Amino acid sequence: MLGDMEKRTRWLILIYQLPREPSRHRVAVWRKLRDLGALYLQDGVTALPEDAVTREQLEWLQLRVREAGGEATLWEAKPGTVAEEAELVEAFRSSREKTYRDIIARAERLRRKAQMGGGALSERLGKLEREFRAERRRDYFRSPLRLEAAGALKAAREAVRDREGSARVLGTEGKV
Amino acid sequence: MLWATRRGCHVDRTACIWLIRRFLDPQATFAFFGDPAEAPEGAELFDVVGARLSHRGEDCSFETFLKEYDLDDPVLREIAEIVHDADLMDEKYGRPESEGLDAIVRGMQLELPDDQALTSHTDVLYDGLYAYLSREVL
């Protein structure tokens, strides 16, 4: 393992511009970037930490922008200073807060509902778990809220299991 | 035979390369290109837009390989599910192994940016997965 300078993250920057109309291309590209967890540095300039997956996705987006009549260039970049990079990483972390808070709030509601004996619990739990996994994948720098969300989800999972365990004979569900 | 794909392999391409070496063409050689225009003449392209051996419908390239070459090994079918989930992240098969595989191969690629070196290591990874699943499935 090498020192700090050699091991610094490499970044990918996608710079793009799309015609104003039809707006569906702009929306589709924006959605895809949002799902990837990309950070807008300014209008039409987005960053992601580089790996094989983010690169492939951004190359694909670049193609898509061009096909829609826009312009897109993909750059490899390193912020000039360690401090700038730390700021960027911090901006990535904060960008995940809103969704984690939403997951936490919903997990807590689900836990309370399970404790009060509500229904349709597993479906809601399954949906939350999937959302959490998707969020974790685009949380490139481990937002401090990840742990809290994992904890809230665990409590909800346990409450749902307790509830379903008391409602049904154990051992009759689950995949073999 | 010469096979070619894009540079910077992740799960789908590393798994296809393993499949080719172990099940289709033990003497296979591989070329990795940045731009499809750089692909060597006469090479069989895979996981490249428009190629015969690429994503098709909902399938990732590994799944297309199994169909194109009529490989009906149940263990390969399971590996295809894991590769699919790791590559497309749509949780189609709900395979928990896919998350670990995604993390490991992403990390290996950062450490081994040379695809020849990377795939010599990922081959061992898929051998292990195959051996593990064989015990469960057969």
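**Figure 1. Chain B, with 5 helices and 3 strands.** In this predicted model, the elements of chain B come in the order β-α-β-β-α-α-α-α along the sequence. The radius of gyration is 14 Å, close to the 14 Å that the globule rule gives for 138 residues, so chain B is as compact as a globular protein of that length. Its C-alpha trace covers about 40 × 35 × 30 Å along the principal axes. Of the 138 residues in chain B, 34% are buried. Take the contacts in chain B between residues at least 6 apart in sequence, and 61% of them join residues at least 24 apart.

**Figure 2. The largest nonpolar core, with 24 residues.** Val11(B), Ala15(B), Cys16(B), Leu19(B), Phe62(B), Ile79(B) and Val83(B) have the most contacts inside this core. At least two core residues each come from strand E1 (2–6), helix H1 (11–24), helix H2 (61–68), helix H3 (74–88) and helix H4 (97–111) of chain B. H1(B) gives the largest share, 7 residues. Zoom in on Phe62(B): setting aside neighbours within four places in sequence, this residue is in contact with Asp12(B), Ala15(B), Cys16(B), Leu19(B), Ala80(B) and Val83(B). Another core, of 16 residues, lies apart from this one and has Ile103(A), Ala107(A), Leu153(A) and Val160(A) among its members.

**Figure 3. Helix H4(B) and its two faces.** H4(B) has 15 residues, and its first and last C-alpha atoms are 21 Å apart, close to the 21 Å expected at 1.5 Å a residue. Ser98(B), Leu101(B), Asp102(B), Val105(B) and Gln109(B) are its buried residues. Looking down the axis of H4(B), these fall within an arc of 100°, so they line one face of the helix. That fits the usual geometry: an α-helix has 3.6 residues a turn, so residues three or four places apart point the same way. On the face of H4(B) turned away from the buried side sit the exposed residues Gly100(B), Ala103(B), Gly107(B) and Glu111(B). What do the buried residues of H4(B) pack against? Their partners are H1, H3 and helix H5 (115–137) of chain B, plus helix H3 (52–67) of chain A.

**Figure 4. Two residues of chain B with a positive phi, Asp47(B) and Met89(B).** Most residues other than glycine have a negative phi, which makes this pair worth a look. Asp47(B) has a phi of about 50° and belongs to the loop between strand E3 (44–45) and H2 of chain B. Met89(B) has a phi of about 55° and sits in the loop between H3 and H4 of chain B. Buried or partly exposed? Asp47(B) is buried, with 25 other C-beta atoms within 10 Å, while Met89(B) has 16 C-beta neighbours inside 10 Å and counts as partly exposed.

**Figure 5. Where chain B touches chain A.** On one side of this contact there are 8 residues of chain B, and on the other 7 residues of chain A. The chain B side breaks down into 3 nonpolar, 3 polar and 2 charged residues.

**Figure 6. Chain A, with 7 helices and 4 strands.** Starting at the N terminus, its elements follow the pattern α-β-α-β-β-α-β-α-α-α-α. The radius of gyration of chain A is 21 Å, well over the 16 Å that the globule rule gives for 176 residues, so chain A is more spread out than a compact globule. Its C-alpha trace spans about 60 × 45 × 30 Å along the principal axes. Buried residues account for 23% of the 176 in chain A. Of the contacts in chain A with a separation of 6 or more, 76% are between residues 24 or more positions apart.

**Figure 7. Helix H5 (residues 97–116) of chain A.** At 1.5 Å a residue, the 20 residues of this helix should span 28 Å, and the end C-alpha atoms are 29 Å apart, which agrees. Tyr100(A), Ile103(A), Ala107(A), Leu110(A), Arg111(A) and Ala114(A) are buried in H5(A). Those residues cover an arc of only 100° around the axis, which puts them on the same side of H5(A). The face turned away from that side carries the exposed Glu97(A), Lys98(A), Ala105(A), Arg112(A) and Met116(A). Just past the end of H5(A), Gly117(A) has a positive phi of about 90°.

**Figure 8. A cis peptide bond in chain A, from Glu21(A) to Pro22(A).** Omega is near -5° here. Pro22(A) lies in the loop between strand E1 (11–17) and helix H2 (23–36) of chain A.

Methods. Residues numbered from 1 in each chain as written. Chains lettered and ligands numbered in written order. Predicted model: local features only at pLDDT ≥ 70, side-chain atom pairs only at ≥ 80, totals over all residues. Contact = placed C-beta atoms within 7 Å. Nonpolar A, V, L, I, M, F, W, Y, C, P; charged D, E, K, R; others polar. Expected span 1.5 Å × (residues − 1). Buried ≥ 20, exposed ≤ 12 C-beta atoms within 10 Å, placed from the backbone. Arc of directions from axis to C-beta. Core = buried A, V, L, I, M, F, W, Y, C linked by C-beta atoms within 7 Å. Rg over C-alpha atoms; globule rule 2.2 N^0.38 Å.
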